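Could you walk me through this model in the viewer, one selection at a time? I would like to know what to click next and what is there.

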Amino acid sequence: MKQLNLVLLLAAIFTFIISDQIMAQERSYTAGSVWDISLIRTKAPYFDDYMNNLNNGWKKVMDEAKKQGIILSYMVLTQSPNDTEDWDLALLIEYKNMAAFDGLRENMEKIQTGLFGSEETIKNSAVKINELREMLGSKLARQLLFK
């Protein structure tokens, strides 16, 4: 009886392993990089002011993070809002994988402090940015790559 149970258990494990491999082989895609997407509505008439702020601050941080291998890429997208509650800018940051978020805050704070000085300076800049825009939210999304 014990041998029969052992044989059945081994057969079940073998079937599970084989079916899992077959299912994985049938997928037409693989998991790619992870994107952090921030949706922003600029306050009228500050679109150009906000873009200048991004160019003089956020872009420098992103360039340094890319240079250090913390991020893969970044971009800014714009659209014509459908209404006054809709976003007009999306900030996208690409990370290699979810593990890239381990220690991310500390790494980005080091870059910001190295580029712009004290935490107080950075904090004051963040307050000024909020006068130019409203953050509507952010999402994490994984890119799927077709095989």
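Start by selecting Met75, and show everything that touches it. Setting aside its neighbours within four places in sequence, Met75 is in contact with Trp35, Trp58, Ala90, Leu91 and Leu92. Keep in mind as you look around that this is a predicted model. Met75 sits in strand 2, and its relative accessibility of 33% makes it partly exposed. Now add a distance between C-alpha atoms: Met75 and Leu91 are 6.1 Å apart in space, although 16 residues separate them in sequence.

**Next stop: the aromatic rings**

One of those contacts of Met75, Trp58, is a good place to go on. Which ring pairs with that of Trp58, and at what angle? Select Tyr74: the two ring centres are 5.4 Å apart and the planes stand at 85°, so Trp58 and Tyr74 form an edge-to-face pair. The cut-off for that label is an angle over 60 degrees. Colour by secondary structure and you will find Trp58 in helix 2 (residues 47–67) and Tyr74 in strand 2 (residues 73–78), so the pair ties together parts that are 16 residues apart in sequence. Trp58 is buried, at 18% relative accessible area.

The structure holds two aromatic pairs, so move on to Tyr95 and Phe101. Here the ring centres lie 4.5 Å apart with the planes at 45°, so this pair is tilted. Switch on the surface and compare the partners. Tyr95 is buried, with a relative accessible area of 2%, whereas Phe101 has 22% and counts as partly exposed.

**A charged residue without a partner**

Now select Asp88, in the loop between strand 2 and strand 3 (89–95). Is Asp88 buried or exposed, and which side chain of opposite charge is nearest? Asp88 is buried but has no salt bridge; Arg41 is the nearest side chain of opposite charge, 7.0 Å away. A salt bridge would need a side-chain nitrogen within 4 Å of a carboxyl oxygen. Show the surroundings too: beyond its neighbours within four places in sequence, Asp88 is in contact with Ile40, Arg41, Thr42, Phe47, Leu77, Thr78, Gln79 and Pro81.

**A turn to the backbone**

Go to the loop between strand 1 and helix 2, where you will find Pro45. Show the backbone atoms here and look at the peptide bond from Ala44 to Pro45: this bond is cis, with omega near -5°.

**Out to the surface**

Select Tyr29, Leu144 and Phe146 together. These residues form a nonpolar patch on the surface, and their accessible area together is about 360 Å². Tyr29 belongs to strand 1 (residues 29–42) and is partly exposed, at 35% relative accessible area.

**Zoom out**

Finish with a view of the whole chain as a cartoon. How many helices and strands does the chain have? There are four of each, and from the N terminus on they run α-β-α-β-β-α-α-β. Of the chain's 147 residues, 23% count as buried. The accessible surface comes to about 10600 Å², and carbon and sulfur atoms hold 57% of that. If you draw a contact map, take the contacts between residues at least 6 apart in sequence: 77% of them join residues at least 24 apart.

Technical notes. Residues numbered from 1 in each chain as written. Predicted model: local features only at pLDDT ≥ 70, side-chain atom pairs only at ≥ 80, totals over all residues. Heavy atoms only, no water. Phe/Tyr/Trp six-rings, centres within 6.5 Å; stacked < 30°, edge-to-face > 60°. Helix = DSSP H or I, 4+ residues; strand = E, 2+ residues; numbered from the N terminus. Buried < 20%, exposed > 50% of the residue type's maximum accessible area, 1.4 Å probe, protein only. Patch = residues over 30% accessible without salt bridge, like charges linked within 9 Å, V, L, I, M, F, W, Y side chains within 5 Å. Areas by Shrake-Rupley, 256 points an atom, 1.4 Å probe, with all protein chains shown as cover. Contact = heavy atoms within 4.5 Å. Lys, Arg positive; Asp, Glu negative; His and termini not counted.
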